[in-house]
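Thanks for coming. Please have the sequence and the structure open while I talk.

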Amino acid sequence: MAQITFYSATTQDEEHFRQLLGASGHELTFIHEPLSHQNLTPNSEGIATFVTDKVTAEVIAKMPNLRFIACRATGYDNIDMSAARERGIVVLTVPTYGEHTVAEFTFALLLTLSRKIPASHHAALTGDIHEQTISGHDLAGKTIGIIGTGKIGRNVARIAKGFAMDVLAYDPYPNEVEAARIGFTYTSLSALAAQSDVISLHAPATKQNYHLVDDQFLSHVRPTAILLNTARGSLVDSASLLHALQENRLGGAGLDVLEHEELLHASNEAVDFIGGTLGEDQTAKQTINTLKGLPNVLLTPHNAYNTQEALDRIRQTTAQNITDFYEGRTPNQVKETMQNNGQLLITRHCESEWNALGKWTGSTDVHLSENGFKQAATIGEAVKEIHIDYAFASQQIRTLETLESILDASGQVSVPYQRSESLNERDYGDYTGMNKWEVRDKVGEEEWNKIRRDWDHAVPNGETLKMVYERAVPFYQQVILPMLREGKTVLVVAHGNSIRSLIKYLENISDEDIAHVEMPFGSILDYKVADDGRMEAKSVMKIDLVAPPA
């Protein structure tokens, strides 16, 4: 018999879980307050947590018998997954319970704001009715921008279509089939911000999505737009949101979740106990208090999930997760996948002075051409919505000039970067400086293609692709991959052959098939990788550049 403790448990939770698990023989303990160091049950073999329960590394360290954490939610960003993984603790979630529930609540927030229902209610109670102050806006014909098109986001789109709204969407992994079926259009993040009358957030709380709505995002929005967040508080920089509202750069906000929402009802005396430093939390508390006082802000206490039907689904699935665990099955176990690792962006250096002449450049230091600088600036414009944490380039000047131009045009000049010879272009030996097409005419098409493409075809006094692979891939594994595991977004600006080497490893391409792979010109490869560094997902961002001469 094991001790299992339920935190943040309501009276109804206790009643239902005793019915669902009473026959299991386990000792069930119910604590109505959120998990804290004061109410830990060190002997518990399992804990069932709510989104307000912070399971930190310190909490895990104080529970030596802990074997599983059953999250009564879909998200698990309140769990220190690294600490759980190190201890071999299984984390279980409720994969789906409220895709309609949360979508319906999203529109409840929107209608309440757009039709000024709180002010109308107050006017009805007091008789102080001024038509102008309670005049709202139609939704029909307006544009809603949905960030995140999972099940909830798509249901929001369906409801919006029912209100005769136009629907835009942003998702790094678009679902074009569903977009066509429902009738919405994918666009860039900045275009969505600029064109939407309503912006609704339905993205997960990942490191990549932290403060997705910040000063830069809000600089694009319409001053009459309404922002809705029923997803996770960390998606929105609360201080930036407050400033935009105070400066009339945003029309209103409906927030069911908030950054530091645990401070929403905390007394000033309790703030330093809840977490973080006193100064940081007092600032967050002050921001929340100010938001609470704004007439165009509607706050609800993380309540979008809260219907009897959804709660029943959460309880049923949580109870089944616990039963399954003790029967050796964990179908709803969190498998840390691509969303926990960072984003790897790879692009080729832009046109160099020798590229423009059709010469094999190899390891020779050659500057970008005038057209090359323009190309790099175009790439920078294309990635300005992606927050880059770190960048890499080869030791050749053309990759450095490309990288610096990209960062400058994207407004991210402060991004740290490193140059490495491991990413250098292939040394073309005796062919260096020769015109590629003249070499083709001299050696013949077949030999020429082998020189350019084959895995281990000899080049007089030069390198094979295999030799480039043997320096580029270990560098990726030892230097770049650890950053990706930390959730960082990394940009690599390299050369055709060093990139082909990385592609070969990332996509597990055979020696024979690598001859048919080329880094597309005017493209950015966007990878999500597993912990072993191999590709889990890939998308290609096409950029309209003026190609070098053929």
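I will go through two sheets, then a salt bridge, then a cavity. Keep in mind that this is a predicted model.

Start with the five-stranded sheet. It is open, its strands are paired in parallel, and their order is E2-E1-E3-E4-E5. Which strands stand at the edges? They are E2, residues 27–30, and E5, residues 90–92. Each of these has a single partner strand, so one side of each is left without a neighbour in the sheet. On average, and ignoring direction, neighbouring strands here are turned by 15° against each other.

For the pairing itself, look at strand E1, residues 3–6. E1 runs parallel to E2, and four bridges join the two. One position to find is Thr-5, whose bridge partner in E2 is Thr-29. As a general reminder, strands of a sheet pair through backbone hydrogen bonds, either parallel or antiparallel.

Two helices lie across this sheet. Helix H1, residues 11–21, lies across E1 and E2, and runs at about 170° to E2. Helix H13, residues 308–326, comes from further along the chain and lies across E1, E4 and E5. Its angle to E4, which is residues 68–71, is about 160°.

Now the six-stranded sheet. This one is open too, with the order E15-E14-E16-E13-E17-E18, and the pairing is mixed. The edge strands are E15, residues 417–419, and E18, residues 535–542. Each has a single partner strand, so one side of each is left without a neighbour in the sheet. The twist from one strand to the next averages 20°.

Within this sheet, E13, residues 343–348, and E17, residues 523–529, pair in the antiparallel sense over five bridges. The bridge partner of Thr-347 in E17 is Ile-524. Helix H15, residues 397–409, packs on the sheet and touches E13, E14, E15 and E16, with its direction at about 140° to that of E16. Helix H18, residues 465–485, also packs on the sheet, touching E13, E14, E15, E16 and E17. The direction of H18 makes about 160° with that of E14.

Next, salt bridges. How many does the structure hold? The count is 21. One of them joins Asp-77 and Arg-232, with the closest N and O atoms 2.9 Å apart. Asp-77 lies in the loop between E4 and helix H3, and Arg-232 in the loop between E10 and helix H10, so the pair ties together parts that are 155 residues apart in sequence.

Last, the cavity. Searching the whole structure finds one cavity of 30 Å³ or more. The largest cavity holds about 40 Å³ of space. Ten residues line it, and the closest to its centre are Thr-347, Arg-348, Ile-379, Gly-522 and Leu-545. By type, the lining has five nonpolar residues, four polar and one charged. Thr-347 has come up before: this is the residue bridged to Ile-524 in E17.

That is the end of the tour.

Methods. Residues numbered from 1 in each chain as written. Predicted model: local features only at pLDDT ≥ 70, side-chain atom pairs only at ≥ 80, totals over all residues. Heavy atoms only, no water. Pairing = 2+ DSSP bridges. Axes fitted to C-alpha atoms, helices over the stretch in contact; angles between N-to-C directions. Contact = heavy atoms within 4.5 Å. 1 Å grid on protein atoms, 1.4 Å probe; cavity = no way out; pocket = protein on both sides within 12 Å on 5 of 7 lines; lining within 4 Å. Points joined across faces, edges and corners; volume = space filled by probe spheres on them. Nonpolar A, V, L, I, M, F, W, Y, C, P; charged D, E, K, R; others polar. Salt bridge = Lys/Arg side-chain N within 4 Å of Asp/Glu carboxyl O.
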